[in-house]
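Okay, everyone, pull your chairs round so you can see the screen. I'll walk you through one protein today, starting with an open space and working outwards.

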Amino acid sequence: MVLLLSIRNNYIVLNCRCGHVGIIAVQELIDVLGEDVELDVVERSARCSSCGFKRISSVQIIYVGASEYALLGADTKPEDDDAE
C-alpha cells in the first residue's frame, strides 16, 4: 500500500500495453484526488490517452531532477594506479 502522500515529490510513469508511456507528477494527482489515495487506485483507474485502454501494464515511481546529486554518497572503489 503506497499512499500518494508518501511519494509527493516523485512522478508516476504509466506504461500502456499499446506502447504509450505517460508521466504525471504525483503532486498533480494529490491536488485532484487527495493525498490519502493509494497508488493502486490510480493504476486501476488510469486510462491511456493514446488508445483509450484502461488497464495499464506497469507503473513506475521515479524522481525527476537533481541528477547531479543522485550518486552522492555512493560507495565506489578508487582506482589504484600502483596495483598494475
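So, the largest pocket: it has 17 residues lining it, and Leu-14, Ile-24, Val-42, Ala-46 and Arg-47 are the ones nearest its centre. What do I mean by a pocket? On a 1 Å grid over the protein atoms alone, it's an open set of points where a 1.4 Å probe fits, with protein on both sides within 12 Å along at least five of seven lines, and a lining residue has an atom within 4 Å of a point. Rolling a probe the size of a water molecule over the atoms shows where empty space is left.

This is a predicted model, by the way, where local features need pLDDT of at least 70 and side-chain atom pairs count only at pLDDT 80 or more, while totals for chains, interfaces and linings use all residues. Residues are numbered from 1 along each chain as its sequence is written, and side-chain values use heavy atoms, with hydrogens and water left out.

Back to the lining. By class, 11 of its residues are nonpolar, 4 polar and 2 charged. Here Ala, Val, Leu, Ile, Met, Phe, Trp, Tyr, Cys and Pro count as nonpolar, Asp, Glu, Lys and Arg as charged, and the others, Gly among them, as polar. Helix α1 gives the largest share of the lining, 4 residues.

Now the overall layout. The protein has 2 helices and 3 strands, and from the N terminus they run β-β-α-α-β. These are DSSP runs: H or I over at least four residues for a helix, E over at least two for a strand.

How are the strands ordered in the sheet? It's an open sheet of 3 strands, β2-β1-β3, with antiparallel pairing; strands pair if DSSP finds at least two bridges between them. β2 (21-25) and β3 (56-62) are at the edges with a single partner strand each, so each has one side without a neighbour in the sheet. Strand β1 (residues 11-16) is joined to β2 by 5 bridges, and there Val-13 sits opposite Ile-23.

One last residue: Asn-10, in the segment before β1. Is Asn-10 buried or exposed? Asn-10 is buried, because its relative accessible area is 18%, and buried means under 20% with a 1.4 Å probe, protein chains only. Leaving out residues up to four places away in sequence, Asn-10 touches Ala-25, Val-26, Ile-61, Ile-62 and Tyr-63, where touching means heavy atoms within 4.5 Å.

Notes
Buried means under 20% relative accessible area, exposed over 50%, partly exposed in between (1.4 Å probe, protein chains only).
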